[in-house]
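Q: Could we go through this model together? I would like to begin with how its elements are assigned.

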Amino acid sequence: MRIEKHPILEFQKGAKIKFLFDGRELEGYAGEPVAAALHAAGVRVLSHSHSHNRPRGFWCAIGHCSSCNMRVNGVPNIRVCIEPLAEGMVVETQKGRGRLDV
Amino acid sequence: MIKSSAQVVIIGGGIMGAAIAYNLARKHCREVVLVEKNYLTSGATGRCGAGIRQQWGTEMNCLLSQKSVKIFENLPEELDYPAVLIAFKQKGYLFLIYTGTEMELFKRNVALQNRLGIPSRLVSPREAKDLVNHLNTEKLLGGAYCPSDGHANPFHVTQAYAKAAKRLGVNVFTNTGVTGILKDRGRVAGVATERGVIKCETVVNCAGGHAGIIAAMAGISLPVYPERRQVMVSEPVDRIQDPMVISLTHHLYIQQQPHGPFIMGMGDPNEPRSFNIKSGWRFVVETARAVCTVLPPLKDLRIVRQWAGLYDMSPDAQPVLGESPEVKGFYTAAGFSGHGFMIAPYTAKLMAQSVLGEKPEMDIAMLNYHRFASGELVLEPAVV
C-alpha cells in the first residue's frame with residue numbers, strides 16, 4: 001500500500017529497482033526507506049522481540065525504537081525505517097540480537 | 001504520615017541504605033526508618049556500572065568485596081528474590097596492563113589478593129586474548145584476571161534489600177528530603193525532613209555524593225566529595241564478552257550485560273568536584289575512541305543512551321564507616337569512591353553490627369574518618 005496523493009506532501013520517487021527480502025525478489029523505489037518498500041510489498045513483520053519472540057512491525061519510523069532492526073547486506077541491526085533502498089540490496093529478517101563481526 | 005520517632009533513621013535509599021536497613025531489621029532492631037529524597041536507586045546505585053570485583057589494592061577494599069561476593073552468591077535465597085532479576089553473574093574481570101608501573105602495581109595487588117584468598121592471577125597478552133577474543137593486544141604487557149568477579153543488577157539488588165527490610169517492619173519514605181539533623185547535648189536527637197521531624201538517637205548517613213551535606217547539617221566536616229562519572233550503553237547484540245574489561249591507563253571499563261548491551265564508562269582525571277550530573281557529547285566521542293582502540297570490533301555498535309552519576313569520593317578512595325567522634329549517634333557509610341555497590345552486602349552487615357553497639361565481625365575502626373586527620377592514608381590505587 002502506498003499513498004499516491006497527499007494533500008500537503010509531494011513524493012519524489014527514485015527509479016524503480018529490485019531488491020531481495022528473505023530470498024524473495026521485491027520492487028521498490030531507489031532512495032526510499034527500506035521499510036517503506038517492504039510495507040508497500042505487504043511485509044508487516046520486520047523483527048521479533050528478544051525475550052518472547054513476538055512479531056514486531058513498523059513502529060516509530062524515525063530510527064529510535066529498534067522495532068525494524070534487520071540484516072541489510074549482511075550487517076545486523078540496521079534500522080530499515082531510515083535506511084535508503086538501493087538496487088540489489090539483500091534484506092533479511094534478523095535472528096537474535098545480531099552478532100558483531102569479531 | 002511520617003513516623004514521629006524511630007530507633008534508627010537511615011538517610012539515603014541507595015544500595016547502602018537499603019542493605020543497612022535490612023541488616024538492622026534482621027537483627028531485631030525495632031523501628032528502623034529509611035528516608036530518601038527521590039526514589040530508591042535514584043542516586044549513584046542506579047547509575048553505576050554494576051560491576052563487582054575483588055581485585056583491589058588495599059586490604060580493606062579486598063576483604064569487603066570478597067565477603068560481599070560470598071553474600072551476593074546466596075542473595076536470592078537470603079532475600080527471597082528471583083535470582084534471574086538479581087542477575088549476579090561471575091564472568092570475571094580482566095584488567096589490562098600497559099605500563100611497567102601498572103605491572104608493578106598489579107603484581108603487588110595480585111600478591112595481596114592471593115594472600116587473602118582471592119583467586120586473581122596475572123595473565124599474558126596471549127591469555128588475555130583467549131579470555132576476550134576481540135581484545136587488541138597491541139602495546140599490551142599483560143593483564144590481571146579474577147574469574148569470580150562479575151556483575152549484578154543494582155536496581156533489583158536494592159529492591160530485594162528494601163522489600164526484605166519492609167517485610168521485617170522497616171518503614172521506607174521516598175520523596176522525603178532531609179532538611180536538618182537535630183542534636184541534644186552532643187548527640188543526635190532527630191532528623192528533620194520535608195514531611196516532619198523523626199525523633200531518634202541514631203542516624204546513618206548513606207547519602208552518597210550528598211553525604212557531606214548531611215554531615216554538615218550535624219555540624220560535622222566529612223571529607224567526602226561528589227565527582228561526576230559518565231556512562232553510556234549500546235544496543236544489545238549477541239554475547240561475545242564474558243569478563244568486564246578495565247584499563248587504568250584509559251580510565252575505562254567495558255562490560256557486556258547478560259541481555260546483550262555493552263556498558264561503557266570512562267573517568268576524566270580532570271573532572272572537578274561538583275554535583276553536576278549532566279551528560280556531554282565529548283564523553284561519547286572520547287569514550288568511543290578509547291573503546292574502539294581497546295576492543296576494535298565494538299566500532300559497529302550503536303550507542304543508545306548515556307547518563308551520569310556521582311562518585312562519593314573519599315581522600316584515599318576507601319569508604320568512611322563508623323560513628324562520629326563529635327556527634328554521638330551519627331554514623332556514616334559513605335565515601336565509596338565508585339565501588340559502593342560491590343561492597344555493600346558485607347559493609348551493611350558490619351554497619352548494622354556497629355550501629356547496634358556490637359563489635360563488628362571485621363575490624364573497621366581504621367575506616368572511620370579520624371584517619372584523615374593523621375594524614376597516614378593507604379591510598380587505593382585501582383580506581384577508575
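A: Helices and strands here are DSSP runs, numbered from the N terminus, with at least four residues for a helix and at least two for a strand. The model is a predicted one.

Q: Where is A:Ile3 found, then?
A: A:Ile3 is in the segment that comes before β1 (16-21) of chain A.

Q: Is A:Ile3 buried or exposed?
A: A:Ile3 counts as exposed, because its relative accessibility is 53%. Together with A:Ile8, A:Leu9 and A:Phe11, A:Ile3 forms a nonpolar patch on the surface, and the accessible area of these residues together is about 450 Å².

Q: On to the interface: how much area is buried between chain A and chain B?
A: About 1100 Å² is buried, and carbon and sulfur atoms give 56% of that area. On the chain A side, A:Arg97, A:Leu100 and A:Val102 lose the most area to chain B, together 54% of what that side buries.

Q: How many salt bridges cross that interface?
A: The rule finds zero salt bridges between chain A and chain B. There are, however, four residue pairs in polar contact, both residues being at pLDDT 80 or more.

Q: And over all chains, how many salt bridges are there?
A: The structure holds 18. One of them joins B:Glu271 to B:Arg228, with the closest N and O atoms 3.1 Å apart. B:Glu271 lies in the loop between β16 (262-266) and α9 (281-294) of chain B and B:Arg228 in strand β13 (residues 225-234), so the pair links distant parts of the chain, 43 residues apart.

Q: Is B:Arg228 buried or exposed?
A: B:Arg228 is buried, with a relative accessible area of 14%.

Conventions: Residues are numbered from 1 along each chain as its sequence is written. Chains are lettered from A and ligands numbered from 1 in the order in which they are written. This is a predicted model: local features need pLDDT of at least 70, side-chain atom pairs count only at pLDDT 80 or more; totals for chains, interfaces and linings use all residues. Side-chain values use heavy atoms; hydrogens and water are left out. Patches are made of residues with over 30% relative accessible area and no salt bridge: like charges are joined within 9 Å, nonpolar side chains (Val, Leu, Ile, Met, Phe, Trp, Tyr) within 5 Å. Accessible areas come from the Shrake-Rupley method with a 1.4 Å probe; for residues, only the protein chains shown count as cover. A salt bridge is a side-chain nitrogen of Lys or Arg within 4 Å of a carboxyl oxygen of Asp or Glu. Buried means under 20% relative accessible area, exposed over 50%, partly exposed in between (1.4 Å probe, protein chains only). Buried area is the accessible area (1.4 Å probe) that two parts lose on being put together, summed over both. A polar contact is a pair of N or O atoms within 3.5 Å; within protein, one must be able to donate a hydrogen and the other to accept it, and residues adjacent in sequence count only if both atoms are side-chain atoms.
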